[in-house]
Amino acid sequence: MTAEDLRAALLRHLEYSLGKDLAHATVYDVRMALTLAVRDQVVAPWFESTRKAYAAQSKRVYYLSLEYLIGRLLEDAVNNLGLMEAARETAAGLGFDLAEVIADEPDAALGNGGLGRLAACFLDSMSTIGCPGMGYGIRYEHGLFRQSFQEGVQIEEPEDWLRQRHGWEFERPEVAERIGFGGTVTEVGGRAHWSPADAVMAKAYDTPIIGWRGKWANTLRLWGAESIQAFDLDAFNRGDFVGAAAQEAFARTISRVLYPDDSNGEGKELRLKQEYFFTAASLRDILRRFLSEYDDLTLLPEKVAIQLNDTHPAIAAPELVRILHDEHGLAFAEAMDIARGTLAFTNHTLLPEALERWPESLMARVLPRHLQIIARIEDAFVAAHPESPVRILEDGDVKMGELSFIMAHRVNGVSALHTDLVKSTVFADLHRTFPERIVNQTNGVTPRRWVLGANPRLSRLITDTIGDGWVDDLEALHGLEPHVADAGFIAAYAQAKTDNKADLAAWIRAETGITVDPGAMFDVQIKRIHEYKRQHMNILETIALWQAMRADPDAGWTPRVKIFGGKAAPGYVRAKEIIRLINDVARVINADPVTGDLLKVVYPANYNVTMAEKLIPASDLSEQISTAGKEASGTGNMKFALNGALTVGTLDGANVEIRARVGAENFFLFGMTADEVVACRADPQHQARAIAASPRLAAALGAIGAGTFSGGDTERFAGLLADLRGHDYFTVCADFDAYWQAQRDVDAAFADPARWMRMAALNTARSGWFSSDRTIRGYMADVWDIRPLI
């Protein structure tokens with residue numbers, strides 16, 4: 001498609017789809033017209049991909065995920081279709097800047113963190129490779145929440161991304177599934193019959209996901225909840241105006257917000273309903289498609305692969321058994337075998353509390369037939385494996401992790417270390433029973449989004465140096481390694497980083513009012529706020545560094561800009577306390593004339609994909625400092641390494657594999673191993689011993705307790721301090737001194753620009769293995785048993 005063709009298509013949509021002429025068009029109008037023009041180019045390969053999958057009678061993959069952190073889609077599509085230059089020329093010819101047009105698109109508020117971003121990367125890679133499949137999720141009206149800060153405190157407000165028309169989706173009113181809740185179970189004709197008391201309609205919205213060079217496109221199908229009866233006119237006419245809309249309000253609640261606060265009973269019930277809503281609608285859609293081609297349900301495992309992304313869609317197991325057994329009349333044991341052959345489960349956590357458990361009383365009230373089926377699944381498991389101590393129903397709870405494992409033919413971890421720990425900790429008993437079931441599929445990220453799109457300066461350098469084959473064969477980045485010894489290449493590499501940092505400094509100034517020096521080290525930790533990710537250790541080290549700088553400001557310190565980003569779950573009190581501490585410390589340090597430009601702390605609000613695309617290419621140092629044995633994989637660590645940020649980190653998650661591939665000499669390692677963490681916790685005084693042995697740590701904690709950062713309020717962070725001094729489950733104190741020393745090693749390396757840039761370039765050259773294309777090929781071979789169709 002030429003720039004002339006694209007211009008004509010844009011102007012046509014501007015006039016006939018948006019009802020505007022060019023003279024009165026806004027940036028929004030041009031963005032929407034360009035979106036529709038580009039979307040037109042996606043439709044043909046999208047349809048053709050579907051036809052090829054049907055013609056080949058291919059197995060299909062269905063990826064069920066409660067989150068898809070897809071970010072902005074326009075730039076992705078333009079890049080994947082090879083239309084970037086045409087789009088830039090078209091926008092400029094109409095008097096608009098393409099960057100401004102792309103920036104006008106709101107981030108789709110469909111995810112929270114790594115889980116959702118991984119799902120988005122996987123969809124991109126499936127389309128690039130030609131793996132036929134679909135993603136299924138929920139079309140949240142408001143997503144997680146829009147984060148702001150008020151006096152350092154996180155404030156949650158609704159996201160409004162759907163206030164504008166979503167230009168990428170196709171509404172499918174003809175694809176609607178009735179989803180029931182509650183009610184009773186009776187026996188009719190020898191079969192169990194579930195009669196739900198309440199129901200909503202799940203309506204489909206499709207977004208095409210185009211792969212690299214437009215060779216294949218898959219579908220992301222999101223379900224929106226609508227009421228069966230939109231409006232009760234009789235109630236309205238009686239004057240019950242609120243009651244007249246009650247059913248509509250109930251239905252919309254299902255797809256309104258991602259992760260409602262489940263610290264109360266109402267929140268728990270809503271979340272369970274959300275999970276069943278999208279899972280049940282997806283399964284019915286999958287079976288409808290299957291039965292349009294085949295009439296033998298025993299073929300389901302040969303033709304359908306359903307991947308459960310964490311425990312959120314775990315209810316798929318009893319739901320699929322229910323459909324096969326109750327509705328289609330298969331024997332229960334056969335229904336279980338077919339379901340197990342179809343389902344696979346990705347475990348994303350080593351935190352026991354993150355493996356979902358639902359009270360049996362709640363399950364009985366919301367999904368009474370499913371609780372009966374789960375009990376029968378457990379009975380079948382116990383009968384087959386009487387030696388196993390594992391139970392799905394335990395202490396009045398339904399354990400969704402155990403249910404997922406027992407009902408999946410494959411269970412995968414997401415990094416080598418994580419998979420080993422899955423085998424030895426959270427699922428040790430089940431691993432002994434099924435020693436071949438757990439496999440590893442180390443996570444990856446799409447280079448189309450995280451290098452080509454996010455870092456065009458580095459992308460141009462890579463392509464100028466080794467050609468453009470790296471975009472869909474990321475391990476081709478190894479071809480950069482011989483050039484690392486070339487002074488001209490390193491100078492160009494350094495210039496790309498310098499320019500990215502200048503752009504970020506200008507953005508920080510515009511967003512926060514804080515002026516930072518692009519020549520300083522940009523030290524970045526961006527991820528969901530959680531104690532195991534240890535943002536509080538980072539800010540404690542920042543306090544200790546500030547104290548040391550104040551004590552001797554002329555000691556030749558390496559200037560740093562500490563950048564944080566991330567949201568805390570609304571009900572996670574300790575995480576929100578950490579956010580406030582970071583903001584309070586930033587306020588004091590940034591106003592200190594003694595340290596001046598030696599140290600700044602920046603925490604832009606409302607971290608999302610678009611912000612990550614600004615921060616990662618400009619980062620010098622990547623903070624991957626989780627407690628060893630707690631991070632499943634991480635994908636931010638991979639994005640940073642690809643973009644030439646060096647890692648300071650523990651032997652946790654995929655850090656282990658990153659360090660092995662980029663070289664130990666190009667990675668700043670610190671802290672205890674997972675086994676050492678366990679041994680440390682066995683000493684109830686480990687935190688007290690660590691504090692006593694570390695004057696720096698004691699002084700930092702003392703400053704917080706004395707109200708140095710809270711205007712003299714000595715109680716503001718009392719809970720956080722009490723936890724660190726009295727329990728410290730995540731071993732912040734025990735790892736603190738090692739972290740401090742690693743940061744001083746970072747300072748020394750950054751002070752030698754030639755050494756630093758060589759290390760950074762080697763990180764880029766050696767990180768090609770961490771492509772989600774490689775991960776998807778692993779799933780296709782080891783989990784899904786499917787071949788690409790291109």
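**Aromatic pairs, charges over rings and a pocket**

In this predicted model, five phenylalanines, F345, F381, F405, F427 and F434, come together as one aromatic cluster. Two of its members, F381 and F434, also make a pair of their own, with ring centres 6.3 Å apart and planes at 40°, which counts as tilted. F381 belongs to helix α15 (residues 368-384), while F434 sits in the loop between α18 (428-433) and β16 (438-440). That puts the two partners 53 residues apart, so the pair links distant parts of the chain. Buried or exposed, where do F381 and F434 end up? Both turn out to be buried.

Zooming out to the whole model, the count of aromatic pairs comes to 24. One of them joins F122 and Y779, and here the ring centres are 5.5 Å apart. Why is this pair called edge-to-face? The planes of F122 and Y779 meet at 70°, and the label applies because planes over 60 degrees apart count as edge-to-face. As for where the partners live, F122 is part of helix α6 (residues 114-129), and Y779 is part of helix α33 (residues 772-784). The pair therefore ties together parts of the chain that are 657 residues apart in sequence. Neither ring shows much surface: F122 has a relative accessible area of 1%, and Y779 has 0%. Both values are under 20%, so F122 and Y779 count as buried.

Rings also have charged company in this model. The charged end of R744 sits over the ring of W740, at 4.2 Å from the ring centre. In another case, K273 lies over the face of F181, 5.5 Å from the centre of that ring.

Next come the pockets. The second largest pocket has a volume of about 1,200 Å³. How many residues line the second largest pocket? There are 38, and those nearest the pocket centre are E75, L452, G453, A454 and P456. Several helices take part: the elements giving two or more residues to this lining are α3 (74-80), α4 (84-93), α5 (98-103), α19 (447-453), α20 (456-466), α21 (487-512) and α24 (609-615). Which element gives the largest share? That is α20, with five residues. Sorted by class, the lining of the second largest pocket is a mix of 17 nonpolar, 13 charged and eight polar residues.

How values were computed:
Residues are numbered from 1 along each chain as its sequence is written. This is a predicted model: local features need pLDDT of at least 70, side-chain atom pairs count only at pLDDT 80 or more; totals for chains, interfaces and linings use all residues. Side-chain values use heavy atoms; hydrogens and water are left out. Rings of Phe, Tyr and Trp (its six-membered ring) pair if their centres lie within 6.5 Å; planes under 30 degrees apart count as stacked, over 60 as edge-to-face and the rest as tilted. Helices (H or I, at least four residues) and strands (E, at least two) are DSSP runs, numbered from the N terminus. Buried means under 20% relative accessible area, exposed over 50%, partly exposed in between (1.4 Å probe, protein chains only). A charge sits over a ring if NZ of Lys or CZ of Arg is within 6 Å of the ring centre and within 35 degrees of the ring normal. On a 1 Å grid over the protein atoms alone, a cavity is a set of points where a 1.4 Å probe fits but cannot get out, and a pocket is an open set with protein on both sides within 12 Å along at least five of seven lines; lining residues have an atom within 4 Å of a point. Grid points are joined across faces, edges and corners, and a volume is the space filled by probe spheres set on the points. Ala, Val, Leu, Ile, Met, Phe, Trp, Tyr, Cys and Pro count as nonpolar, Asp, Glu, Lys and Arg as charged, and the others, Gly among them, as polar.
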